[in-house]
Amino acid sequence: MINDKLPKIWYGGDYNPEQWDKEIMNEDLRMFKLAGIDVATINVFSWALLQPSEDIYDFTWLDDIIERLYTSGTYVCLATSTGAHPAWMARKYPDVLRVDFEGRKRKFGARHNSCPNSPTYRKYSERIAEKLAERYKDHPAILIWHISNEYGGYCYCDQCADGFRTWLQARYATLGQVNKAWNTNFWGHTFYDWEEIVPPNALSEERTGDNTFFQGISLDYRRFMSDSLLECYKLEYNAIKKHTPELPVTTNLMGLYKELDYFKWAKHLDVISWDNYPSFNTPTSLTAMTHDLMRGLKEGQPFMLMEQTPSQQNWQPYNSLKRPGVMKLWSYQAVARGADTVMFFQLRRSVGACEKYHGAVIEHVGHEHTRVFRECAELGAELQTLSDKLLDARANTRVGIIYDWENRWAVELSSGPTVALQYVDEVHKYYDALFQQNIQANLISTEADFSNYDIIIAPVLYMVQKGFAKQIEQFVHDGGTFLTTFFSGIVNENDIVTLGGYPGELRKVLGIWAEEIDALYPDQSNQIVLTESWGALHGQYQCGLLCDLIHAEGAEVKAVYGSEFYQGMPVLTVNKFGAGQAWYVASSPEPSFLQGLLGNLCKEKGITAPIPPVAGIEVTTRTTANNSYLFVLNHNDQPTSIELGDLTGTDLITGEPIKNKITLPPKGVLILEKNESTQNSIKS
Ligand code: GLA
Ligand code: ZN
């Protein structure tokens, strides 16, 4: 449980009462009650109010807000306010200001704007966090700490350049090692003095965010920036823990956000929290995958849905309203995938600046007679009914999909073989193939304990981290099924090619050699022609993007290319290795092929869906120590019938008994608490 002071699914969100007149808060508190809201995230961007000048701190207004919330029954998620520095600080200490990708020194403005290596920022952010912890350590309202806000963005200033050199010294010890790791004899880049190394940006090695002449330095700069921001977080974390060791601490992450290595960050968070802002047309399975990735950061623990909009965003090009029922459906989607909180940005709309048209539980009209409020209140009441039943429930699955931030950086920084290769898209294709068959997967890091899995899928594992290949060999040897794809096993952690033939270190376990890699234009395709029908797979399927030209070296050929000069060469292979199997998919296939392939592999391992798939219906299972819950979510715009087979149980929201078959209304949700006799019928 995140904090047993509030043993239910927390319901609330970001709240900024300092932005409006004091009397309005009375109305807000009244409406929080009506909506079943029990937690408010406050003080996210109030540093300038708390510290009006270098030596003056003023917490009185915050004391008042916390007190008023608590006495009216609302707990607090207390932020440290360091997501935007005060204007006086920027003027007095310009070292807090970032230098951007183009090399321009920023002036005061916007947010998420502090240089992570600024001594001033580090000193004062740590200090404000400590002062807050000292002041509120015994306040019963506080449930959790929320450090800063959505860490992100990079800086390229001189103090970051210095920090980078120190970071490199720690990683490589000698300049000779750096030259080797980055292959600097290419284009005569050899460094003779640490001071010659400058950050890679538009003034040096990079042209756009994903285009570099030197992958080695660009990769290391990403690692360094992710670490620099993490250092800032850790300073605040440690300052807080000195005073409130028992209170959990988090910072709100951003799902698939590229620039921070969240698996590395996760080790320093007590609980994962994240902000979920899908667009109108984001595929359901992509949101599901992102929830699963966030859950995977600390597998086995619940995560927090820290922010979502009750109705619309302001920052997308077209900020569609969430249609009736969608807010509730997407909230339950988070819960179905492991969230123990449902929280919004924001509880009341601002009156000015860029978020005044961002949706809120309480709209500008200021009363509860709105569609959005009614929907929020309905959900609030349901979450009260659910009580503590779903807390700490796990998603049990034997399928792991590897997601690796460093690999993503490397894949997308690569010059060639194609600009069209997007790491997340390829991971999502495999995730989606399972999702469409109601089979759950965990998103895992390359450091996960593979023995927890029967099947491990590693799409486009271009970069092989130290030790990974050996671990995978062990996993397969012990009976596991491993699957990887084209453009895998090519380089080491510095983006230096592993010589001796692709897929490098993975070659042995896969039993193949990839001799060449063909890049296809968007309108070109090739075919995957099966050598013989196999389970759900027969005939031929389309593929594209990249085609590895591979030779089987011990692997069995299950399908060959259908055209081009490499017609007849293998495109799908399986290698028996010890007691297990290692699969190679040499191109990017159409969805039906992947569904067939993964369906077959799951079947071989006895991994089955809890109920048969129905279009537009999302199904997951969450299991507690005593119970198992089946979530059935109808993403369709029409009522949809679902066969439950021999599953019986109770509708957790209505308390009604359920068996055989249900019909869910458009956007409807069923949480089925399964009867004991059917508890074990679910494998995935
Ligand atoms: C992010 C931030 C919030 C707010 C929302 C708006 O998630 O953390 O402060 O700006 O976006 O969607
Ligand atoms: Zn900087």
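In this short talk I will go through a zinc site, a sheet, a helix pair and a hairpin in a model that is predicted.

Let me begin with the metal. The zinc ion, ligand 2, takes its protein donors from the SG atoms of Cys115, Cys155, Cys157 and Cys160, which lie 2.2 to 2.3 Å from the ion. Along the chain these donors follow the spacing C-x39-C-x1-C-x2-C, and the angles among the four donor atoms run from 99 to 117°, with the site being tetrahedral. For reference, the ideal angle for four tetrahedral donors is 109.5 degrees. Of the cysteines just named, Cys155 and Cys160 are both buried.

Next, a residue on helix H5, which spans residues 119-136 and contains Lys123. Lys123 has a relative accessible area of 40% and is therefore partly exposed, since that value falls between the 20% limit for buried and the 50% limit for exposed. Its C-alpha atom is separated by 54 Å from that of Lys605, which is 482 residues away along the chain.

Turning to the sheet, we have nine strands in an open arrangement with parallel pairing, in the order E7-E4-E3-E2-E1-E11-E10-E9-E8. Strand E7 (249-250) and strand E8 (252-253) stand at the edges, and because each has a single partner strand, one side of each is left without a neighbour in the sheet. The partner of E7 is strand E4, residues 142-146, and the two are joined in the parallel sense by two bridges, with His146 bridging to Thr250 in E7. Helix H11, residues 326-336, packs on this sheet, where it touches strands E10 (303-307) and E11 (339-344), and its direction makes about 145° with that of E11.

Now the helix pair. Helix H1 (residues 22-35) packs against helix H12 (residues 371-386) at an angle of about 55°, the axes being 7 Å apart, which means that H1 is oblique to H12. The contact brings Met31, Leu34 and Ala35 of H1 to Phe373, Cys376, Ala377 and Gly380 of H12.

Finally, how much of strand E20, residues 570-577, is buried? Seven of its eight residues are, so to speak, under cover, and the strand is mostly covered. Strand E19 (residues 556-561) runs antiparallel to E20 and is joined to it by four bridges, with Val560 opposite Pro570. Strand E21, residues 580-585, also pairs with E20 in the antiparallel sense, over six bridges, and there Phe577 stands opposite Gly580. In the hairpin of E20 and E21 there are two residues between the strands, and Gly578 takes a positive phi near 60°.

Terms used:
Residues numbered from 1 in each chain as written. Chains lettered and ligands numbered in written order. Predicted model: local features only at pLDDT ≥ 70, side-chain atom pairs only at ≥ 80, totals over all residues. Heavy atoms only, no water. Buried < 20%, exposed > 50% of the residue type's maximum accessible area, 1.4 Å probe, protein only. Donors = N, O, S within 2.8 Å, 3.2 Å for Na, K, Ca; no water. Tetrahedral: all angles 85-135°; square planar, octahedral: opposite > 155°, others 65-115°. Pairing = 2+ DSSP bridges. Contact = heavy atoms within 4.5 Å. Axes fitted to C-alpha atoms, helices over the stretch in contact; angles between N-to-C directions. Parallel < 35°, antiparallel > 145°, perpendicular 65-115°, else oblique.
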